[in-house]
Amino acid sequence: MTADNPQLSLTRQQMQRFGQAALDMIIDHHDTLADLPVGKASDPQVLGKWLNEEPPEHGSDPLEVLAELNSNALNNTMNINHPRYFAFVPGPSNFASAVGDMLASAYNIFAGAWLGPSGVAAIEIKALNWLKQLFGYPSGSGGLFVSGGSMANLTAIAVARQVKLRGNMTNATIYFSDQTHSSVRKDLAILGFQPYQARIIASDAMGRVDVRALQQKLDDDRSRGMVPFCIVATAGTTNTGAIDPLNELAKFCQGEGLWLHVDAAFGGGAILSPTKRKLLDGIEQADSITIDPHKWMFQPYEIGCLLVRNEQHLSDTFRVQAEYLEIFDHSEATEQQINYCDYGVQLTREFRALKFWLSLKVFGLENFGAAVDRGFMLAKHAQTIIENAPKFWSICTPAQLCTLTFSSNLLDELPAKTAEAILINVVRQIMASGKAMVAPTRLDGKMVLRLCTINPRTNKEDIDFVIGLLKDTILKALNKP
Ligand SMILES: Cc1ncc(COP(=O)(O)O)c(C=O)c1O
């Protein structure tokens, strides 16, 4: 038998039938999400068979393939968008951005270089200009969209290393708090730093870096011949939503000649709220800022962003020449016309800016700001419920940004190991029920519950429900009526 479709093409009617069916699935998903389970596990037997399928020799009807996809994969997944998903930092995306992703993929856009009449690079430049403006960055600053917060932090540290160390990493040291996201340690390892070169500083009870401890460590290191070059501050720690003292750290870094990178992967979303953005005061003084629009800027995965105060530093770090790329240099790239492949790791880049631009155009900043404000309101609401039940609950850290941590007094009375085993079991049971998703974390070694309430489709009733569910499940686990 010979293949009869070597061009891998579909007729207009076939595309319409296939595309419409897929679009109907997407619309249905968005429209009914709140009524679906937060997550549903696959039947291991069905999944096992499906996993071991041989590569298909012959094609199938696209609608049959979509049905298979639906029943075997999409229906059995964790719905990160779900209004009762409160674990980690949720990813409450939006439909307009999903359309943006669909268009970017369908047009298969190369967003690596300004080639000819590049409307594509223009959209990335525009979207970045909006972010630069929101974050108070001056002209001469720049940035790029990347896959997420981890990649933005990696890119930032690579730039800091280039600018401050000129590539000589011997004895170089970098400072950040014990609440800094794990991606920073991973990024340092990728960049070739040894674990001892990462200096971890204690944080206070709310999770903010202790600047006095930082100064002591730095003085001590300098006296031992180390070469401090960078501080990574966090604006919105993953554990508790804490924001390091940004103004103080900016002054500190200026005085010490250090690069200040602010990881605002989580907290950066607060910039969209006219009433809350003052929480990030001082961020505009950072040498670089990680933003993660696929978190609290409501974008679908993947889109992270790095802003750098001096745009030139990006190309100084990442620009390499190759004979097959010379055409990029002879394009009309100017200050307004950028080859983004010279600004980061990727040469071929997807058109991430499109979804961000499209959703901002469709909803406007005012709606994004209101969505962020809603998250603050929901976290405060959760805090009030917990505080109103002091016999059962204790607050560990109050609502900071949209995150609060708390524990059950009944569990606190038990030996730590027993309490932890029960808590893990409780969280697993809730996850398996599909009614909500909550994940614990650890503060000062103690396992605690944590809610992150950034989904604007969450209602106060969802918060009431999940706290009630946690309480009931804990009581049941303790055999208490
Ligand atoms: C503060 C912070 N930084 C960095 C990251 C990593 O971001 P990503 O998962 O997009 O790589 C996260 C993820 O939750 C985060 O909370």
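Two residues are taken to be in contact when heavy atoms of theirs lie within 4.5 Å. In the predicted model described here, asparagine 76, leaving aside its neighbours within four places in sequence, is in contact by this criterion with Lys40, Ala41, Ser42 and Ser71. Asparagine 76 is located in the loop that runs between α3 (62–74) and α4 (95–106). Its relative accessibility is 18%, and asparagine 76 therefore counts as buried, the cut-off for that class being under 20% relative accessible area. Two of the contacts of asparagine 76 involve polar atoms of both side chains: one, with the side chain of serine 42, has a length of 3.3 Å, and another, of 3.5 Å, joins asparagine 76 to the side chain of lysine 40.

Helix α5 comprises 16 residues, 119–134, and at 1.5 Å a residue these should span 22 Å; the C-alpha atoms at the ends of the helix are 23 Å apart, which agrees with that expectation. The buried residues of α5 are Ala121, Ile123, Glu124, Ile125, Ala127, Leu128, Leu131, Lys132 and Leu134, a set that includes Glu124 and Lys132 alongside residues such as Ile123 and Leu128. As a general point on such spacing, an α-helix has 3.6 residues a turn, so residues three or four places apart point the same way. The buried residues of α5 pack against three strands, namely β1 (142–146), β6 (288–291) and β7 (304–308), and also against helix α12 (353–387). Just after α5, glycine 136 adopts a positive phi of about 75°.

The ligand is surrounded by 14 residues, of which the closest are Gly149, Ser150, Asp263, Asp292 and His294. Helix α6 (residues 149–165) supplies three residues of this shell, the largest share. By residue class, the shell around the ligand divides into nine polar, three charged and two nonpolar residues. Polar side-chain atoms approach the ligand at several positions: one belonging to aspartate 263 lies 2.7 Å from a nitrogen atom of the ligand, whereas one belonging to aspartate 292 lies 2.7 Å from an oxygen atom of the ligand. In addition, an N or O atom in the side chain of lysine 295 is 3.1 Å from an oxygen atom of the ligand. Of the 390 Å² of accessible area that the ligand has on its own, the protein covers 83%.

How values were computed. Residues are numbered from 1 along each chain as its sequence is written. This is a predicted model: local features need pLDDT of at least 70, side-chain atom pairs count only at pLDDT 80 or more; totals for chains, interfaces and linings use all residues. Side-chain values use heavy atoms; hydrogens and water are left out. Helices (H or I, at least four residues) and strands (E, at least two) are DSSP runs, numbered from the N terminus. The expected span of a helix is 1.5 Å times one less than its number of residues. Buried means under 20% relative accessible area, exposed over 50%, partly exposed in between (1.4 Å probe, protein chains only). A residue is near a molecule or strand if one of its heavy atoms lies within 4 Å of it. A polar contact is a pair of N or O atoms within 3.5 Å; within protein, one must be able to donate a hydrogen and the other to accept it, and residues adjacent in sequence count only if both atoms are side-chain atoms. Accessible areas come from the Shrake-Rupley method with a 1.4 Å probe; for residues, only the protein chains shown count as cover. Ala, Val, Leu, Ile, Met, Phe, Trp, Tyr, Cys and Pro count as nonpolar, Asp, Glu, Lys and Arg as charged, and the others, Gly among them, as polar.
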